[in-house]
Amino acid sequence: MMQVLKPGLLTLEQMRQLTAPGCQLALDPAALPAILASAAIVQAVVAAGAPAYGINTGFGKLAKTHIPNAQLEQLQRNLVRSHAVGTGPLLDDATVRLILALKAASLARGFSGVRPVVIESLLALSNADILPCIPGKGSVGASGDLAPLAHLTLALMGEGEVRLHGVTLPAIEALQEAGIEPLRLAAKEGLALLNGTQVSTALALRGLFEAEDLFAAAVVAGALSVDAAKGSDAPFDARIHAVRGQPGQIAVAAVYRDLLAGSAIRASHRDNDDRVQDPYSLRCQPQVMGACLDLLHNTARTLVIEANAVTDNPLAFAGENGAVGEVISGGNFHAEPVALAADTLALAIAEIGALSERRIALLIDATLSGLPSFLVASPGLNSGFMMAHVTAAALASENKSLAHPASVDSLPTSANQEDHVSMATFGARRLLEMAANTRAIVAIELLAAVQGIDFHAPLKTSAPLQAVRKAVRERVPFYGEDRYFAPDIAAAIALLAEGGLTQAVAAVLPSAVV
């Protein structure tokens with residue numbers, strides 16, 4: 001699969017595809033003139049000899065130190081080596097692929113002053129599936145993701161370690177095997193590679209993609225739970241949501257109506273049902289999930305802008321009407337937009353799981369659901385879904401702690417030169433752990449809801465929900481009596497991880513419109 005990177009024009013759907021193995025990258029040739037122009041500006045600064053931050057000076061607190069031209073290559077090399085100080089588990093392959101693509105696309109905007117060979121080296125690394133070993137911890141999300149991007153840049157230089165076909169080996173060996181020349185950094189190029197928010201942005205995008213799939217799965221599972229508990233579809237009436245006006249709520253209510261339309265289970269208790277109102281975890285799904293959907297859309301807009309942005313420093317701007325270009329130092333590397341977006345995503349992921357856990361609790365409670373206690377025949381002899389719900393509750397509680405906003409913290413670094421930082425990288429990195437927790441919660445609800453649906457046989461749910469039930473039952477049989485339950489939960493988690501329930505809700509997700 002070939003993906004042509006058009007700097008400044010990457011879409012969410014394209015970025016989803018950039019995480020996949022085997023994706024080959026090419027740069028839009030139209031980007032080359034701007035790249036060459038910005039590189040020429042940096043070369044002119046070097047030739048003039050006037051101090052320019054990051055080009056012929058030290059970095060951070062050492063910016064007042066002037067570096068002779070003969071040492072500029074060593075300056076960039078030293079920068080990369082000294083900044084590769086990450087620790088902790090390595091970032092996963094999908095994230096690293098996305099980082100490589102985002103870094104190449106950002107540099108190719110033509111404001112970073114790098115030569116085309118730098119971008120070509122990034123693309124060559126990705127196309128050979130040579131993935132730099134990038135420790136996940138060590139970035140505070142200001143001055144860019146310095147430590148993780150330094151580990152990436154080391155690999156371009158033939159230093160450090162990489163993964164090739166799942167095997168870890170020295171970068172120089174992988175480059176030699178692929179026929180890729182180690183990159184020799186020219187003035188500013190090390191700084192351009194290290195500055196930038198591509199790591200935190202890639203992690204946040206991964207979190208967004210997971211959140212989209214989780215949102216879809218939770219909506220489907222929630223609709224099944226409505227039928228399993230013989231809940232009402234009246235709360236999804238379009239008129240209710242129209243008078244409030246919240247766009248996510250309106251869109252999600254329509255999805256619930258479509259999913260439940262034609263259910264024989266619903267028809268069986270439409271009249272003469274002595275229950276007046278359902279609990280909030282059923283009745284208020286459009287309000288809660290709609291609010292989460294709005295957050296996903298808002299976050300998506302921020303992250304698409306950031307993924308297409310130029311976030312290194314300083315930046316090289318071509319002069320107008322034949323004027324000499326200019327190098328300007330600013331602070332686009334500060335990842336506050338990503339930090340706030342990641343914190344918002346964390347809230348949505350936690351809330352999706354929290355609502356799902358409440359529906360599991362409802363389904364196993366015979367006094368609320370009307371179903372056998374703990375969704376199993378002969379309760380007492382059998383424990384049924386009792387402990388599965390405990391697992392869901394534990395995961396929901398864990399997510400509450402993980403959802404604490406990372407962006408409210410800041411520790412000054414670099415001798416107080418960098419006196420406010422975003423903590424975006426951690427804020428984004430924890431999203432994948434939270435998503436895994438919520439995926440397990442929704443998987444348990446899915447099993448519980450399908451179990452409840454089966455207790456209503458021969459009555460059937462709606463056609464779309466019957467298709468979901470069938471997909472579940474192809475992997476997990478009816479829970480007739482107590483058995484080793486963990487493999488069943490793992491099978492349901494795998495169904496969700498494959499995006500098996502996303503299609504029914506895909507039209508309202510950010511990837512469809514942003």
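This is a short tour of a predicted model, stop by stop, with what to select at each one.

**Stop 1: the small sheet**

Start by selecting β4 (130-132) and β7 (167-170), then add β6 (residues 161-164). Together they make an open sheet of three strands, in the order β4-β6-β7, with antiparallel pairing. β4 and β7 are the edge strands, each pairing on one side only. From one strand to the next, the twist averages 40°.

Now zoom in on the pairings. β4 is joined to β6 by three bridges, while β6 and β7 pair over four bridges. Click on Val 162: on one side you'll find Pro 132 standing opposite this β6 residue, and Leu 169 in β7 stands opposite Val 162 as well. Next, pick Arg 163, whose bridge partner in β7 is Thr 168.

**Stop 2: the turn at His 165**

Follow the chain from β6 into β7. The two strands form a hairpin with two residues between them. Select His 165, which sits in the loop between β6 and β7. His 165 isn't a glycine, yet its phi is positive, at about 55°. Is this residue buried or exposed? His 165 is exposed, with a relative accessible area of 65%.

**Stop 3: Ser 143 and helix α6**

For a contrasting case, go to Ser 143, in the loop between β5 (135-137) and α6. Ser 143 is another non-glycine with a positive phi, here about 60°. Unlike an exposed residue, Ser 143 is buried, at a relative accessible area of 9%.

Carry on into α6 (residues 146-156) and turn on a surface for everything else. Eleven of the eleven residues in this helix are buried, so α6 is largely enclosed by the rest of the structure. Among the buried residues are Leu 149, His 151 and Thr 153. After the helix comes Gly 158, with a positive phi near 85°.

**Stop 4: α9 and Thr 502**

Select residues 198-228 to light up helix α9. Its 31 residues reach 44 Å from the first C-alpha to the last, close to the 45 Å expected at 1.5 Å a residue. α9 is mostly covered, with 31 of its 31 residues buried. The helix is followed by Lys 230, which has a positive phi near 50°.

Then jump to Thr 502, in the segment after α20 (486-497). Show the side chains of Thr 502 and Asp 213, and you'll see a polar contact of 3.0 Å joining them. What else does Thr 502 touch, leaving aside its neighbours within four places in sequence? Besides Asp 213, Thr 502 is in contact with Ala 216 and Leu 509. Thr 502 is buried too, at a relative accessible area of 12%.

**Stop 5: two cis prolines**

Select Asn 313 and Pro 314: the peptide bond between them is cis, with omega near -5°. Pro 314 lies in the loop between α14 (285-307) and β8 (315-317). Then try Ala 457 and Pro 458, also joined by a cis peptide bond, with omega about 10°. Look for Pro 458 in the loop between α18 (424-455) and α19 (463-473).

**Stop 6: the cysteines**

How many disulfides does the structure hold? Zero. Select Cys 284 to see why it stays unpaired: the closest cysteine sulfur, in Cys 292, is 13 Å away, too far for a bond. Finish at Cys 133, which is buried with a relative accessible area of 9%.

Definitions and conventions:
Residues numbered from 1 in each chain as written. Predicted model: local features only at pLDDT ≥ 70, side-chain atom pairs only at ≥ 80, totals over all residues. Heavy atoms only, no water. Buried < 20%, exposed > 50% of the residue type's maximum accessible area, 1.4 Å probe, protein only. Polar contact = N/O pair within 3.5 Å; in protein donor to acceptor, adjacent residues only side chain to side chain. Contact = heavy atoms within 4.5 Å. Expected span 1.5 Å × (residues − 1). Pairing = 2+ DSSP bridges. Axes fitted to C-alpha atoms, helices over the stretch in contact; angles between N-to-C directions. Disulfide = S-S within 2.5 Å.
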